[in-house]
Amino acid sequence: RRHPHRTWAAPKTPAMASPDPLIVRAQNGDERAFNEIFAKHRGDVSRLVFRVLGPSPDVEDVVQDVFVHVYRSLSKFRGDSKFSTWLYRLTLNVARMHLRRGRSRPRFADVEIPEGPRDGKPADTPDELHERSERVKALYRLLEALSEKKRTVLVLHDLEGMPAKEISEVVGAPVLTVRTRLFYARKEL
């Protein structure tokens, strides 16, 4: 029921944040600024590429390719979304192109799983390392069986910790679609 005294108002859009000076400097050709962007975001890009490709020897090549695309496309970034959202979208697109070209499919038996940071904890025993490696390989075999859209949403949400609203911006789909893909990806997994 409509309230007789209420009128419809367009949803409020968040005010545009002031542009990041580092991004602006890089857009204006400042190589130091671009190097800072690379240093700041390389770890996140590398982790996302690894999670999309799986344990592949091509991860570093794809990360480099992502930053070549960033360098070429940075002038197109207008600040309509967060820079990290734009970067994740670009990273996913480059990783998908790499997979589609067929140059890289995860080769689980041939690749060592890299160790993450230990934060001062004692090193794992060889048996623990092997067990972790086997669990990660099994996870990537299961992820590989999912459709690309479901796998992307699952990786971004469950492995990267990204909220559904931000994922919707990255993949260009409504939030409800993201949540539906996530539900079915988890169900299939």
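**Notes on a predicted helical model**

1. Counting Phe, Tyr and Trp rings as paired when their centres lie within 6.5 Å, you get seven aromatic pairs in this predicted model. Take F34 and Y71: their ring centres sit 5.1 Å apart with the planes at 80°, so this pair is edge-to-face. It ties together distant parts of the chain, since F34 belongs to helix α2 and Y71 to helix α3, 37 residues apart.

2. How exposed are the two partners? F34 has a relative accessible area of 12%, so it is buried. Y71 comes out at 53% relative accessibility and so counts as exposed.

3. F183 and Y184 make another edge-to-face pair, with 5.0 Å from centre to centre and 85° between the planes. F183 has a relative accessible area of 48%, so it is partly exposed. Y184, at 40%, is partly exposed too. Elsewhere, F77, F83 and W86 form one aromatic cluster.

4. On to the nonpolar core. The largest one has 45 residues, and the members that touch the most others are V49, V66, V70, L74, F83 and L156. Which helices feed it? At least two residues come from each of α1 (21-27), α2 (31-53), α3 (59-73), α4 (83-100), α5 (126-145), α6 (148-159), α7 (164-171) and α8 (175-188). F83 turns up twice in this note, in the aromatic cluster and among those well-connected core residues. As background, nonpolar side chains tend to be buried together in soluble globular proteins.

5. If you want one core residue to click on, try V66. Leaving out residues up to four places away in sequence, V66 touches V45, V49, L87, L90, T91 and V94. V49 is also on the list of core residues with the most fellow members in touch.

6. Next, α5. This helix has 20 residues and runs 29 Å from first C-alpha to last, close to the 28 Å expected at 1.5 Å a residue. Its buried residues are S133, V136, K137, Y140 and L143. Looking down the axis of α5, the buried residues stay within an arc of 125°, so they line one face of the helix. On the face turned away from that buried side you'll find D127 and A145, both exposed. The cover over the buried residues includes α2 and α6.

7. What about α7? A164, E166, I167, S168 and V170 are its buried residues. Among the elements covering them are α4, α6 and α8. Right after α7 comes G172, with a positive phi near 70°.

8. A word on confidence. The mean pLDDT of the chain is 80, with 79% of the residues at 70 or more. Which helix scores lowest, and which highest? Confidence is lowest in α5, at a mean of 82, and highest in α3, at 93.

9. Two stretches call for care. Residues 6-15 stay under 50 in pLDDT, and the model gives them zero contacts beyond four places in sequence. Residues 103-113 are also below 50, yet this stretch has 29 contacts in the model beyond near neighbours in sequence. Where pLDDT is low, the predicted coordinates should not be read in detail.

Conventions. Residues are numbered from 1 along each chain as its sequence is written. Side-chain values use heavy atoms; hydrogens and water are left out. A nonpolar core is a set of buried Ala, Val, Leu, Ile, Met, Phe, Trp, Tyr and Cys residues joined through side-chain atoms within 4.5 Å. Buried means under 20% relative accessible area, exposed over 50%, partly exposed in between (1.4 Å probe, protein chains only). Helices (H or I, at least four residues) and strands (E, at least two) are DSSP runs, numbered from the N terminus. Contact means heavy atoms within 4.5 Å. pLDDT is the predictor's confidence in each residue, from 0 to 100. The expected span of a helix is 1.5 Å times one less than its number of residues. The arc is that of the directions from the helix axis to the C-beta atoms. Rings of Phe, Tyr and Trp (its six-membered ring) pair if their centres lie within 6.5 Å; planes under 30 degrees apart count as stacked, over 60 as edge-to-face and the rest as tilted.
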